[in-house]
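The following text walks through selected parts of the model shown below. It takes up a sheet, a pair of helices and a pocket in turn.

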Amino acid sequence: MKPSFWDRANTWIPSLPQESASLWAKTGPEGSFLPLPQHMLDTACVANCLWDEVIAPAIRRNIASSLGLSEDEAKALIIFSAGIHDIGKATPFFIEMIKDSPNHKYLVRLAKDAGFDMTVRTSSRGEKAKIYHSVASGIIVESHLQSIGLPKVLAHALASIADAHHGQPSEPTERKQARLAIRRLAPLWGETHDALFEGMIKLARAEEALQALQTRMDIIPAYVIQIITGIVVMADWIASNADAFPYEGILPQSERTALGLDSVGLTNTWAPTQLPDNALAAYKQSFHWPDNVHLRPTQAKAFSLAQAQHAPCLIIIEAPTGEGKTEAALMVAHLLGLQSGAQGVFFAAPTMTTANGLFTRMVAWANNATEQGEVSSLFLAHSKNQLSKEYGALKFQGVGNDLPDTGTVVATQWLSGPKKGILANFVVGTVDQVLMLALQMRHSMLRHVGLAGKTIIIDEAHAYGVYMNEYLHTAIAWLARYGANVIVLSATLPPTQRKVLLKAYGSQCGVIPEAIESDPLVNTEHYPLISLINNKGVQTVDVEKRTSDATFEIIHIQDEAVGSTLQAELADGGIALVVCNTIKRAQETFAELHTQFPEEVVLHHSAFVASERANKEAALLRLLGPTAHRGEGRPHRLIVVATQVVEQSLDIDADLLISDIAPMDLLIQRNGRIHRHDRPDTDRPTQLAKPKTYLRGFTLTEHAPTIDPGSIAVYGEKMLLATIANLPKTFTRPDDIPSLVHRVYNPSIEVPKSWTCNWEHAVEEERVQADQAKLRASAFRIPEPMFADTLDRLFTRKHSEAGIEAGHAQVRDTEPTIEVIAIQQSADAYGYVPLGVTDRIPIHDVADISTEDAIILASNSLRLPARMTRSPKDFGEIIEQLERQTPNGWHKHFLLRGEVALWFDQENTAEIGRFKLHYDTELGLEVIPK
């Protein structure tokens, strides 16, 4: 009977030459250390458990099939790769790193006493240079793989896993230098490398896998190496946790590994509950719907379509607001998870605010979707997650022995960081977290592992511009290559965007672009619509339309008529929503209306401190949400002046809309905020019983319309002209949505002849801007899977041609801006308080910050207007000034580390760079001319 993996693990270290025990891998307090063989063994054993219990079956199948191996062979290869990743620490340039440490320099003597020569020669002239152990590991592994018969291309690919285990591959010059130095080491080093390498092959039983690779593979694509590297990094990080894998008290390896994994709280791959075959019963089980809730057509069709899938797919759900797309997406994700063995679900929202709103719903669903007795982990993936009370409560939820009828969802400490959190079973975050899959960045392999095994839900897909779409399409191609399921949601998706999404996914599962382009169903104007693509081709499902719920009258007015229009329309009360395209325009509109309607106008935009903005949104939901009624919480008369922050995922219901001109799909989104809910007649004044939309911000002239410059700066002139040219006199929801969106985004759109000059200029301007956006995006975007033959190709960070500005390493095409924490000089002038918070004891500059104060301060964040930092000179001066005036104690607290402070005086004014600012609780942040 052959020894088991754990039998081999328990005898592995004694089987090595005695000298290897003198080599260190990790150092701890009071001179303690972890021997290198023990760390290599720990990492191999963690990888073994990750493969069996944590890595999604879908990823395991994908790795094996991509390498032409069985799953057992693929597992052996990963255990070997994890175990051998730190072999480069068996070198003098690593061992001597601690030669000047008072507590650990004895380790150098320990190695010397064992016979290791510390002489290092990196050139013929005897010069020394820094050689990282990860680079050395790659060189040693590549050399040994070639020595057992692997071709150089395959050996280099597998060696790049060890080389990149610190987050990115090394440079060719680093490898050349390390190769030369390793060749010149004393013989005992080479003998030790031989023993560690051969011993790890035997421990992992990787002989058959390596032999099979020689006969079945010419190259190993980068997407396979990226995923394997991610698993190795994950195993290394766990095995490097001294609390989980202590430096002393070595136990039998199986027990040591089990205790270590338990201590980090890593959860197994998702165990989804079984669902009834009946759609309504399944939804009721998943969402605890009451008996009187009916299934909407979109939800029913999505269920039946997902139920029939047995291959990875992309599903696009296009349906109006109120059709239950969120529930439909989660149900589809549940069904696909049952069929494919997904590790979990990632729900990508367009903004942090919408992600926060989804979080509570996701927790409830995830509990219902997890099998009884199983535990799943959940992570809120955005930079402000520490300020979420719901997420904080989940982090401290204990997991007891007596589990409820459903599964249990927790937020574990180990899976709470920005890099590791993506590995949790369920993740709610901004779409940036998905787009960064396509971004060249350190430790990107962890993100690939975290997303490759999940079903990805992308909400509000129509909201992304050219730059973000470049990243989105590349990310979808990579997800398709990994065999991940993707669900895209939109209320107003342009047909061209639908086709591009289908092409991106189809490019990795054998569907040629021409088949998608020519498919009449893909080009349909049917709505609602569900589209699907997998390795069998494209499929579309026309969904039964719901009864039209509103017909809007569209009326054009001039800016100066806003006040009089509201006076007339709200004579008998009612709720008006006034949406502006810029913060400055919203502030000016609010100031004008505030004089006409004292105490009846509120302002909402993104230039309030975060805590005030959250409070404003909560107040709007309370006043204008579905449960508030006139006389019972809903105001008699109220005017809400806002920017685009009300367009998405804010469930408010107004009676009348006045909007700046915007692209047609966004106007439809804004119309979704009026007459949104079924209400009793008494909730709306008789005059506003039928919805009306007033559009402003443009003037019709003898030639082309004159449009507000701020709106052009936000949306571009072409889309605004196209929208004006196709404005209907009435709009019926949802019937008219597809035709209006299709007409505006149609490449062959026609406009009045008198507009020709302006139109051609606008078209050319948009083309130039789109080309520039694509060029900026390409600077830091990884290539599509078929063009990534080596791991190096995912980290080249190639820039655009000389003379053209390179893209920033980010996935949103935004101007450089600075987020600050707004603080205010206290009355005694010896300390400060968060801006607007008057009931706190002042904090002194040199004092340590309590967690309570840190949370309040972090909630007082504010983003400076882009015009302040558009100039590199202004940006540099402002950030330097902000860093100088940031309190000293902030760098000691994890919530404030890296943040900068903007000081306001007692009059709520501040001067920074060449700008003077004023903060008003009603208006928000204003830039005042000096």
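In this predicted model, three strands form an open sheet in the order E27-E28-E29, and their pairing is antiparallel. Strand E27 (909-912) and strand E29 (924-928) are the edge strands, each of them pairing on one side only. From one strand to the next, the twist averages 30°. Strand E28, which covers residues 915-920, runs antiparallel to E29 and is joined to E29 by five bridges. Across this pairing, tyrosine 919 stands opposite leucine 925 in E29.

Elsewhere in the chain, two helices pack against each other. The axes of helix H12 (residues 222-239) and helix H20 (residues 444-452) are 8 Å apart and make an angle of about 100°. Angles of 65 to 115 degrees count as roughly perpendicular, so H12 is roughly perpendicular to H20. On the H12 side, the contact is made by Gln226, Ile227, Thr229, Gly230, Ile231, Val233, Met234 and Trp237. These residues meet Ser444, Met445, Leu446, His448, Val449 and Ala452 in H20. The contact of H12 with H20 comprises nine nonpolar and five polar residues, with no charged ones.

The last feature is a pocket. The second largest pocket has a volume of about 760 Å³, and 32 residues line it. Nearest the centre of this pocket lie Ile131, Tyr132, Ser134, Val135 and Glu174. At least two lining residues come from each of helix H5 (92-95), helix H7 (133-147) and helix H9 (172-183). Charged residues do appear in this lining: by class there are eleven charged, seven polar and 14 nonpolar residues.

Key: Residues are numbered from 1 along each chain as its sequence is written. This is a predicted model: local features need pLDDT of at least 70, side-chain atom pairs count only at pLDDT 80 or more; totals for chains, interfaces and linings use all residues. Side-chain values use heavy atoms; hydrogens and water are left out. On a 1 Å grid over the protein atoms alone, a cavity is a set of points where a 1.4 Å probe fits but cannot get out, and a pocket is an open set with protein on both sides within 12 Å along at least five of seven lines; lining residues have an atom within 4 Å of a point. Grid points are joined across faces, edges and corners, and a volume is the space filled by probe spheres set on the points. Helices (H or I, at least four residues) and strands (E, at least two) are DSSP runs, numbered from the N terminus. Ala, Val, Leu, Ile, Met, Phe, Trp, Tyr, Cys and Pro count as nonpolar, Asp, Glu, Lys and Arg as charged, and the others, Gly among them, as polar. Two strands pair if DSSP finds at least two bridges between them. Axes are lines fitted to C-alpha atoms, for helices over the stretch in contact, and angles run from 0 to 180 degrees between N-to-C directions. Angles under 35 degrees count as roughly parallel, over 145 as roughly antiparallel, 65 to 115 as roughly perpendicular and the rest as oblique. Contact means heavy atoms within 4.5 Å.
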